[in-house]
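Please look over the sequence and the structure shown here before reading the notes.

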Amino acid sequence: MSTTPIKHVAITGGTHGNELTGVHLLKHWRNNPEEICRDGLVTELHLANPKANGCNRRYLDQDLNRQFNWDDLSDHSLCGYEHNRAKSLNTLLGPKDAPRVDFIIDLHTTTANMGTTLVIKSDDALVVGMAFYVKQQMPEVTLFYEPEDRMSDNFLISLAKHHGLLVEVGPVPQGMLRWDVFDQTRQATLHCLDFLAAVRRGDEPDLPESLAGFQYVDKLKLPENERGELTAMIHPDRQDADYQPIKPGDPLFMTFDGNSINYEGTETLYGAFINEAAYYDQHIGLSLMRKIDIRLPG
Ligand SMILES: [Zn+2]
């Protein structure tokens with residue numbers, strides 16, 4: 001599967017400062033390092049955005065998890081807090097063009113009812129294989145497949161040599177812990193480490209050739225008036241219905257006076273990040289996804 005052995009793994013949390021699950025898992029593992037210890041692997045724990053976490057905010061100046069493309073990391077005129085934080089993480093884990101760290105597992109939460117989702121941003125066999133392995137152990141996991149060139153990807157995980165995996169678990173409000181979300185995130189991460197350790201010792205798990213997953217199609221904005229004020233919210237039929245089909249004509253939004261606004265597309269798609277609180281700053285109501293088969297690269 002992989003010709004270069006994996007050794008250095010970074011687990012990052014608090015990339016969004018008000019997503020507390022990752023922040024507290026890092027603390028838990030600092031106090032219980034044996035839980036993440038695997039023969040042959042050196043695993044590091046990094047709180048990615050400590051200042052935003054201290055303020056219980058997603059970010060101070062910019063969304064940190066959009067600052068890691070090569071051009072932005074090289075642009076010294078970008079000097080907001082998260083711009084600088086991205087450059088520091090690039091020094092610590094990268095540099096992106098010759099990374100010290102082989103793999104990054106970045107821990108996130110969502111306020112949407114998405115359960116445990118693994119976001120795969122690479123077609124690297126190791127990354128896809130890891131996601132397949134986690135799904136084998138935890139069939140309830142959903143796979144998002146969004147392969148992107150590592151140098152142009154703006155996610156934190158793109159700093160690592162093999163890209164990495166983003167673990168996204170919900171629903172949980174911002175600034176809050178829930179045991180089910182905490183435990184699912186913990187289990188998924190430990191399976192990731194098990195997989196990397198197995199590959200390192202040449203004991204690669206048997207994996208299916210393909211698995212069902214989702215691919216991003218579009219995001220839909222919440223309806224606004226001409227002054228840019230919200231005029232509607234997520235329709236009750238869509239609330240908490242992540243990964244359920246949205247057929248042409250299905251209700252999407254409910255106006256403040258109780259009228260449905262329906263989906264005008266012609267293809268049945270699937271909702272995700274439905275009513276995600278973090279996207280209210282951009283008035284984004286949900287993402288539309290297409291069901292796909294993800295193939296394990298040969
Ligand atoms: Zn996040």
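The notes below cover strand pairing and the nonpolar core.

This is a predicted model, in which local features need pLDDT of at least 70, side-chain atom pairs count only at pLDDT 80 or more, and totals for chains, interfaces and linings use all residues. Residues are numbered from 1 along each chain as its sequence is written.

Strands (E, at least two residues) and helices (H or I, at least four) are DSSP runs numbered from the N terminus, and two strands pair if DSSP finds at least two bridges between them. The pairings are tabulated here.

| Strands | Sense | Bridges | Opposed residues |
|---|---|---|---|
| S4 (residues 115-120) and S5 (residues 142-145) | parallel | four | Thr-117 and Thr-142 |
| S8 (232-234) and S10 (residues 251-255) | antiparallel | three | Ala-232 and Thr-255 |

Between S4 and S5 the chain passes through helix H5 (residues 125-137), a right-handed β-α-β crossover: with the strands pointing away from the viewer, the path from the first strand over the helix to the second runs clockwise. In S5, Thr-142 and Phe-144 on one side and Leu-143 and Tyr-145 on the other are buried (20 or more other C-beta atoms within 10 Å of the residue's own, with C-beta atoms placed from the backbone).

The largest nonpolar core has 75 residues; such a core is a set of buried Ala, Val, Leu, Ile, Met, Phe, Trp, Tyr and Cys residues joined through C-beta atoms within 7 Å. H5 gives the most to this core, eight residues. Among the members touching the most others are Ile-104, Met-130 and Leu-165.

Key. A residue is buried if 20 or more other C-beta atoms lie within 10 Å of its own, exposed if 12 or fewer, and partly exposed in between; C-beta atoms are placed from the backbone.
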